[in-house]
Every structure is written in structure tokens, then in C-alpha cells.
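This report describes one protein chain, going from its strands to its helices. Keep the sequence and the structure in view while reading.

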Amino acid sequence: MTTQQDPRDPEAPEGVDLERPNVARVYDWFLGGSANWAIDREFGAQVLKQFPEVKTFARVGRDFLGRGVGYLAHQGITQFLDIGSGVPTVGNVHQIASAINPDSRVVYIDIEPVAVAHSQLLLEREGLLGRHAVLQGDVRDPADIWKRALETGVLDPRQPIGLVLVGLLYFLGPDEPVHEMVQRYLDLLPSGSYFLSSHLTEDGVTRKEGDNRENVQELYKKTSAPFHLRSRAEFASFFDGLEMVEPGIDWMAAWHLDEAASRASDRFADDPTFTGGLGGLGRKP
């Protein structure tokens, strides 16, 4: 996929691939952000034609992240490891957590250089770089992520940590050892930690006219990270050994909807299955 350079595009940080759309930058465009390039916007517009609700769906996922982090902060969790954090936008983990516990600390991890660069810039502007940290890394390497996250000095491995893998696992294919990878992270977490995650599924999903999700999945094969659907049971298995927070695995648009202003999720209150997004939160004994 090729596109002409748009004069509105920001200067690309070193290492940024502009030869194909990037899922983090496309997601940023869905949310109304500016950390994207013409190739990402062109791709996003194609997705929008096939799936007109996609921008609202992106906000539903962001709402779920916010409610999950808010719940954890109210449980006294003050440190978070957010992997696949993406490009900063409204309602970042450190902003949500710090509004409840001012001493909260976050280490952000993303593989995309743009996401890392923008996260660092945001924290620098807020005077928070040092209390929080940003690293470039691949979720597939838990040992490396854990080692470097602790080396920042932001996280205390003796205290509970909120591990956040929201909007990420479905970009890892069935040929990858995803369950083993998640289990490795859970093994590294101290007792009392939590695991917050989400996933896309076809299980029990309702459809509306103009909903061409199969075409969207085909489109994503042209990007930096095609996505893969998993069943509810497969997603639930990522939480094996954890104490599930009620109501267990639920639709993202419905999960703890009464805990905070939901914005986009309100649109699907009558039929949260339509979003096709599942979420869950588990506590490590």
C-alpha cells in the first residue's frame, strides 16, 4: 500500500515505518489524535467504509481501559505496567490512576517508535518523566520487558502491580505461544497484583446492516499487525489461576459500566455484544 506524503504530516521519528499502515497510529486516528500519517489515515478511511462504527468501538475500548484502571486505583494499586500502551490520547493510565492516587506510577511499553516518542514528550511536558517511564519493547519477550521495567526504578517488585494488556493480545496470532507468554508475565507479578485485558471475538456477536467485519480483518493483513479473533473460552483461559473480579469475562461495553461516565459505551448499553470486545480483570492470589 502506497500513498503520497501529506503536508500535514509531522516529521517521522527515527525508525518509523511509513511503507505500510501501523495499527497504533491508525487507532490514534480513530480516536481523533494527530500522531498518524497519510498512509494511516487512508487505511483508516477504508476501514470506516467497511465498518462505520469503528471510531465508536475504539472509544469503547478506551473507556474500558479507563474503568479498569480506575477500579484498580480504588483498590489501592499504585503502580502499573502498561504493555502495548499505544499513542497517548485522552485518559492515559497515569492520568486516571493519579487522579485517584497521586503517588501512582506507570511504566509504558510499546513496540511502535511513534508511540514511545509521543509518550515521552507528554510526560516531559507534564514534568512527570522519572516518576513514570516509557520504553520501546516487544510484549513477546517478558524477561526483557520485566528486567528493563524494573531497571527504571519506577516499579517496586515487592508490591502489587496492575498489568495492563488492553487492545493488544488479538494482534498476536494463533501460531504464537500467547498463553505461555501471558503466564510468564503472571508468574513474574507479586502476589496481590492484577491483570487487566481485552480481546475481540465472534462469540455471541450481533450484526447490523453494513457490518463487514470480515473485510476489515482482511484489510488489517496489510498493516504492521493483522488481528486475530479468539473465542470467549480462549480469552478466559488467559486468566487461569487468577481470582476473577465480578462479573468475570464480560463485554467491554458493559463491564463495570456504572463505575464511571462511559461516553461511547452508553451507545451499546442495550446490546453490548455488538462491539465484539470482551474484557476481564483478575487478581493474583
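## Strand S8 and its partners

Strand S5 (residues 194–200) pairs with S8 in the antiparallel sense, over seven bridges. The model in which this pairing appears is a predicted one. One residue pair can be picked out: His199 has Leu278 as its bridge partner in S8.

Two further strands pair with S8. Strand S6 (residues 243–244) does so in the antiparallel sense over two bridges, and Met244 has Gly282 in S8 as its bridge partner. Strand S7 (residues 250–251) and S8 are joined by two bridges and run antiparallel. Here Asp250 has Gly279 as its bridge partner in S8.

How many of the seven residues of strand S8 are buried? Strand S8 covers residues 277–283, and six of its seven residues are buried, so the strand is largely enclosed by the rest of the structure. Residues count as buried when their relative accessible area is under 20%.

## Helix H1 and its surroundings

Helix H1 (residues 23–30) is also described by its burial. Seven of its eight residues are buried, so H1 is largely enclosed by the rest of the structure. The buried residues are Val23, Ala24, Arg25, Val26, Asp28, Trp29 and Phe30. What do they pack against? The buried residues of H1 pack against three helices: H2, H3 (54–74) and H5 (113–125).

Two packed helices are described by the angle between their axes and the distance between the axes. For H1 and H3, the angle is about 100° and the axes are 9 Å apart. An angle from 65 to 115 degrees counts as roughly perpendicular, and therefore H1 and H3 are roughly perpendicular to each other. On the H1 side, the contact is made by Tyr27, Trp29 and Phe30. On the H3 side, Val54, Lys55, Ala58, Arg59, Gly61 and Arg62 take part. By class, the residues of this contact of H1 with H3 are five nonpolar, one polar and three charged.

## Helices H6 and H7

Helix H6 (residues 142–151) and helix H7 (residues 178–188) have axes that come within 10 Å and cross at roughly 30°. Angles under 35 degrees count as roughly parallel, so H6 is roughly parallel to H7. The crossing of H6 and H7 is right-handed.

Which residues meet in this pair? From H6 come Pro142, Ile145 and Trp146, and from H7 come Met181, Arg184, Tyr185 and Leu188. The contact of H6 with H7 has six nonpolar residues, no polar ones and one charged.

## A residue in helix H2

Gln46 lies in helix H2 (residues 38–50). Is Gln46 buried or partly exposed? Its relative accessible area is 26%, so Gln46 is partly exposed. Gln46 and Val216 are 170 residues apart in sequence, but their C-alpha atoms are 8.5 Å apart in space.

## The chain as a whole

The chain has nine helices and eight strands. Of its 285 residues, 54% count as buried.

Contacts can also be sorted by how far apart the residues are in sequence. Among contacts in the chain with a separation of 6 or more, 78% are between residues 24 or more positions apart.

Terms used: Residues are numbered from 1 along each chain as its sequence is written. This is a predicted model: local features need pLDDT of at least 70, side-chain atom pairs count only at pLDDT 80 or more; totals for chains, interfaces and linings use all residues. Side-chain values use heavy atoms; hydrogens and water are left out. Buried means under 20% relative accessible area, exposed over 50%, partly exposed in between (1.4 Å probe, protein chains only). Helices (H or I, at least four residues) and strands (E, at least two) are DSSP runs, numbered from the N terminus. Two strands pair if DSSP finds at least two bridges between them. Axes are lines fitted to C-alpha atoms, for helices over the stretch in contact, and angles run from 0 to 180 degrees between N-to-C directions. Angles under 35 degrees count as roughly parallel, over 145 as roughly antiparallel, 65 to 115 as roughly perpendicular and the rest as oblique. A crossing is left-handed if the near helix is turned anticlockwise from the far one by less than a right angle, and right-handed if clockwise. Contact means heavy atoms within 4.5 Å. Ala, Val, Leu, Ile, Met, Phe, Trp, Tyr, Cys and Pro count as nonpolar, Asp, Glu, Lys and Arg as charged, and the others, Gly among them, as polar.
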